[in-house]
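Got your viewer open and a selection box ready? Here is a short walk through one model, stop by stop.

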Amino acid sequence: MTEDDVVDDEELLTIGAFAARARLSARALRLYDRLGLLAPAYVDEVSGYRYYRADQVEPARLVALLRQLDMPLALIADVVEAPDGSTAADRLAAYWADVEARLAGQRTLAEYLRGRLSGRSSEMYGKFVVETVDVPAQIVISEKRHTLADELPAWIGASLGRLEQGARECGGLAGAPYVVYHSAVSMESDGPAESCVPVADEAAARAWVEKQGRARGTAVQVEPAGRLAYTRVTKAQVAHPQILAAFEAVEEWMAAQGLKPTGPCREVYFADWDAAGAEDPVCDVAFPVS
């Protein structure tokens, strides 16, 4: 059977004819095949020639367009193989929403970095009012975890939720929950971070922690009395990288006042996060100082 016989009998298109109809190169079609995005309808075992059906033209064009959006290969396959157009559109919309959220964060980070590089750091830090406050000794139950920046918000919410629930068995909440950063948390550095909830009953807290085991890194400790240098931030400012500017503002103020940090930095959450609006104060960015 000749190549023309295959095309006529199977109603298939040679790769050249298909490429012309799809407005793509044969090289691109071979790449899509290799990536598992668009396989030929038939490959001649002897010659290795690829053949395509006419109804593969639109999927081929769709793959090419989706690649221009830098969509991951697995997501392109999900869109192309969707059972209907509505599902495909929903999958594309979900991907693009993630892209826009990431771009918004990168845009904010770029603006922050431009401020630092251009010497406008003091202007950025001037937006934050820094004060000190004395805090009493506290009994604290905590969870510690190594986490990267993209996982941090979800973990903070979940871990504080678990600890606040546990506080009911430990005499109740005795202060504002907070998160301690024992080392940097970024896309390259995984902390660890420690979520902490002050409770009223030390004996009950130790019994509760004993029941939890070691799976979540749960612990109980007595936090000594001390002083915090802090600045208050809104819900919008908690987002990265605005919160970096807040931490740096506190550090600059401490240096100017001759104060030295005596422990790792922290975020103290004193408001109802879910009920707060973007401009509502929700958190104190703080360092223990002497």
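Start with charged pairs: a search of the whole structure turns up 9 salt bridges, each being a side-chain nitrogen of Lys or Arg within 4 Å of a carboxyl oxygen of Asp or Glu. Before clicking on, note that this is a predicted model, where local features need pLDDT of at least 70 and side-chain atom pairs count only at pLDDT 80 or more, while totals for chains, interfaces and linings use all residues. Residues are numbered from 1 along each chain as its sequence is written, and side-chain values use heavy atoms, with hydrogens and water left out.

Select Glu58 and Arg61: they form a salt bridge, with the closest N and O atoms 3.1 Å apart. Both sit in helix H4 (residues 57-68), and because they are 3 residues apart there, about one helical turn separates them. Helices (H or I, at least four residues) and strands (E, at least two) are DSSP runs, numbered from the N terminus.

Next, pick Asp134 and Arg227, whose side chains meet in a salt bridge at 3.4 Å, N to O. This pair ties together distant parts of the chain, with Asp134 in strand E4, Arg227 in strand E9 and their positions 93 residues apart.

Those strands take you to a sheet. Colour the open sheet of 8 strands in the order E4-E9-E11-E10-E6-E7-E5-E8; its pairing is antiparallel (two strands pair if DSSP finds at least two bridges between them). Which strands are at the edges? E4 and E8, each pairing on one side only. On average, neighbouring strands of this sheet are turned by 30° against each other, direction ignored. Zoom in on E10 and E11, antiparallel and joined by 4 bridges; Arg266 has Ala286 in E11 as its bridge partner.

Now show the helices. H8 lies across strand E5 (138-145), E6, E7 and E10, at about 25° to E7. H10 lies across E4, E9, E10 and E11, and runs at about 40° to E11. Here contact means heavy atoms within 4.5 Å; axes are lines fitted to C-alpha atoms, for helices over the stretch in contact, and angles run from 0 to 180 degrees between N-to-C directions.

Keep H8 selected for the largest pocket, with a volume of about 1400 Å³. A pocket is an open set of points on a 1 Å grid over the protein atoms alone, where a 1.4 Å probe fits, with protein on both sides within 12 Å along at least five of seven lines; lining residues have an atom within 4 Å of a point. Grid points are joined across faces, edges and corners, and the volume is the space filled by probe spheres set on the points. Of its 39 lining residues, the closest to the centre are Ala149, Leu152, Pro153, Val238 and His240. H8 gives the most to this lining, with 7 residues.

The second largest pocket holds about 520 Å³ of space. Centre on Val135, Gln138, Glu223, Leu228 and Arg266, the closest to its centre among 31 lining residues. E9 gives the most to this lining, with 5 residues.

Last stop: 3 strands form an open antiparallel sheet in the order E1-E3-E2. Strand E1 (12-14) and strand E2 (42-43) each have a single partner strand, so one side of each lacks a neighbour in the sheet. Add helix H2 (residues 15-22), which packs on this sheet, touching E1 and E3, with its direction at about 95° to that of E1.
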